[in-house]
There are 2 protein chains.
Amino acid sequence: MNDAHPGCYLGVLGGMGPMAGAAFALRLSALTPADRDQDHIPALLLNDPRVPDRTAATRGGEDPLPYLLRGIRFLNDSGARLIAIPCNTAHLWYDAMVKASRAPVLHIIESVVEDLRRRGIHSGKIGLMGTEATLRLGLYQRHLERHGYECVVPSEEEQVAYCTKSILAVKANRLSEAFEPAAACVRLLASRGAVAVALGCTELPLAIPHDRRGEFDVPMTDSIDALALAVIQRYQADQDVAARAA
Amino acid sequence: MNDAHPGCYLGVLGGMGPMAGAAFALRLSALTPADRDQDHIPALLLNDPRVPDRTAATRGGEDPLPYLLRGIRFLNDSGARLIAIPCNTAHLWYDAMVKASRAPVLHIIESVVEDLRRRGIHSGKIGLMGTEATLRLGLYQRHLERHGYECVVPSEEEQVAYCTKSILAVKANRLSEAFEPAAACVRLLASRGAVAVALGCTELPLAIPHDRRGEFDVPMTDSIDALALAVIQRYQADQDVAARAA
């Protein structure tokens with residue numbers, strides 16, 4: 001029994017929502033080059049949905065930060081050497097979580113930027129879909145503009161009618177109702193010149209499943225897959241460093 | 001912040017394989033009656049794929065038990081009040097895991113029996129699919145026969161050609177190659193009189209996805225969904241007890 005690293009390499013602060021957290025773990029496994037169980041990345045998923053609503057908090061609701069920090073500390077204490085948080089809105093509290101963590105914490109929006117580049121998209125207008133708080137507080141805009149992209153954002157009314165409607169349907173397990181509003185938003189953003197659309201809330205990749213993305217004229221960057229690919233890249237780099245040191 | 005129960009209700013000993021562990025978390029979320037994040041079951045998924053191969057162990061390979069017990073202890077120490085193990089073959093070590101656990105541990109095969117009853121199947125021949133070790137060591141047979149069912153089991157050659165082939169394809173992320181051998185086994189067992197077929201290895205529900213099960217003349221009981229439904233039932237009963245005590 002190898003006791004050198006009993007903890008899992010990856011700690012996942014999930015539960016926001018729980019289906020998105022589980023879908024992240026599934027996509028992490030599906031995207032990892034592996035021939036057998038033992039080739040996959042050891043991961044610990046804290047899928048605790050009791051974290052207060054992140055968007056409501058930005059309007060005066062209960063503060064999620066104590067819950068987020070408790071999760072970060074638990075993952076660190078369990079031996080995680082890297083942390084991923086499959087919830088875009090939670091990244092409004094990113095700096096405080098980084099400060100509380102010994103392990104590095106990936107930033108989901110930086111992972112989306114890497115994913116755009118991986119797809120050969122280095123500039124132009126990116127359509128943004130996400131929660132009301134993510135869009136209103138400019139979480140994506142800040143990162144994308146710093147990297148030379150422009151942003152196409154739905155109006156407040158469009159965000160509610162399309163994104164929020166779809167996100168809430170996923171959280172309530174009504175996946176079939178989640179597709180159409182999300183799809184309408186993708187088409188709207190494409191009609192306004194977006195060269196790609198960011199599914200910038202981890203419920204949205206569940207609303208528009210992979211096998212239906214070919215129905216659209218515009219590529220989508222999926223914040224669940226982007227974060228999973230960032231984990232895999234980091235894991236492989238760390239394995240290479242360890243192999244060279246051995 | 002509610003600190004009365006900081007740990008997660010459910011501890012999941014996953015990683016065997018990692019995609020099955022994640023799929024279990026996803027199905028748990030999908031099958032839970034919920035209107036919002038906070039209605040879902042708090043869960044901690046230890047998705048550590050370093051556990052030595054369970055089937056190989058029954059042929060003299062490395063013993064997985066120390067890894068299984070480490071996982072059980074970790075989930076207990078993290079506050080889990082119920083434990084689920086989405087790997088059928090690991091249940092060959094069930095008694096030792098129960099002994100090491102303060103929290104009750106659901107038995108996946110008892111959950112499959114409950115699922116058969118839920119579907120109105122109370123007797124008759126059940127077709128068994130699973131790993132070589134699960135079938136050879138009679139893990140399902142013992143439980144099903146005790147509950148009054150008969151078992152239809154593939155021959156050793158059929159088990160390898162159909163079940164093992166499909167299971168290994170899932171573990172290596174080649175899902176499209178996993179369907180046909182598994183499907184052939186379902187048809188074979190139905191032709192031998194099975195009134196239902198047990199997908200008795202947690203890779204098999206991934207090989208034959210939900211949206212393709214209508215292609216078969218025989219119903220399938222899915223060990224991932226059966227275990228998730230058992231968790232949900234237990235959680236609701238525990239919530240009711242807590243509500244009455246309050």
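Buried, on this tour, means under 20% relative accessible area, with exposed over 50% and partly exposed in between (1.4 Å probe, protein chains only). This is a predicted model, so local features need pLDDT of at least 70 and side-chain atom pairs count only at pLDDT 80 or more, while totals for chains, interfaces and linings use all residues. Residues are numbered from 1 along each chain as its sequence is written, chains are lettered from A and ligands numbered from 1 in the order in which they are written, and side-chain values use heavy atoms, with hydrogens and water left out.

**Stop 1: A:A90**

Select A:A90 to start. You'll find A:A90 in the loop between strand 3 (82-84) and helix 4 (94-99) of chain A; helices (H or I, at least four residues) and strands (E, at least two) are DSSP runs, numbered from the N terminus. Buried or exposed? A:A90 counts as buried because its relative accessibility is 0%.

Now show what surrounds A:A90. Setting aside neighbours within four places in sequence, A:A90 is in contact (heavy atoms within 4.5 Å) with A:M16, A:R54, A:L68, A:I85 and A:M97. For a sense of scale, run a distance from A:A90 to A:A30: the C-alpha atoms are 24 Å apart, and the two residues are 60 apart in sequence.

**Stop 2: where chain A meets chain B**

Colour the two chains separately and pull up the interface. Here 49 residues of chain A are in contact with 49 residues of chain B. The area buried between them is about 3,700 Å², and carbon and sulfur atoms give 54% of that; buried area is the accessible area (1.4 Å probe) that two parts lose on being put together, summed over both.

Next, switch on polar pairs. Across this interface there are 21 residue pairs in polar contact, both residues being at pLDDT 80 or more. A polar contact is a pair of N or O atoms within 3.5 Å; within protein, one must be able to donate a hydrogen and the other to accept it, and residues adjacent in sequence count only if both atoms are side-chain atoms.

Which elements of chain A give two or more residues to the side that touches chain B? They are helix 1 (18-31), strand 2 (43-47) and helix 3 (65-77) of chain A. Helix 1 of chain A supplies the largest share, nine residues. By class, that side of chain A has 26 nonpolar, 12 polar and 11 charged residues. In this scheme, Ala, Val, Leu, Ile, Met, Phe, Trp, Tyr, Cys and Pro count as nonpolar, Asp, Glu, Lys and Arg as charged, and the others, Gly among them, as polar.

Zoom in on strand 2 of chain A. Along with strand 2 (residues 43-47) of chain B, it pairs in the antiparallel sense over five bridges; two strands pair if DSSP finds at least two bridges between them. Click A:L45, and opposite it stands B:L45, in strand 2 of chain B.

**Stop 3: salt bridges across the interface**

Side chains of opposite charge can pair when their charged atoms come close. A salt bridge here is a side-chain nitrogen of Lys or Arg within 4 Å of a carboxyl oxygen of Asp or Glu. By that rule there are 34 over all chains, and four between chain A and chain B.

Pick A:K171 and B:D37: they form a salt bridge, with the closest N and O atoms 2.9 Å apart. Then select A:D37, B:R54, B:K171 and B:E203 together, since these four are linked in a network of salt bridges.

**Stop 4: B:H40**

Go to the loop between helix 1 (18-31) and strand 2 of chain B, the place of B:H40. B:H40 is buried because its relative accessible area is 2%. A polar atom of the B:H40 side chain lies 3.1 Å from the backbone oxygen of A:K171, and a 3.5 Å polar contact joins the side chains of B:H40 and B:S29. Beyond four places in sequence, the contacts of B:H40 include A:P18, A:P49, A:N173 and B:Y235.

**Stop 5: salt bridges within a chain**

Select A:D115 and A:R118, whose side chains meet in a salt bridge at 2.8 Å, N to O. They are about one helical turn apart because three residues separate them in helix 5 (residues 108-118) of chain A. A:D115 counts as buried at 5% relative accessibility, whereas A:R118 counts as partly exposed at 40%.

Hop over to chain B for B:R118 and B:D115, a salt bridge with its closest N and O atoms 2.8 Å apart. B:R118 is partly exposed, with a relative accessible area of 40%, and B:D115 is buried, at 4%.

Finish at B:D39 and B:R36, a salt bridge with 3.3 Å between the closest N and O atoms. B:D39 is partly exposed at 27% relative accessibility, and B:R36 is partly exposed at 47%.
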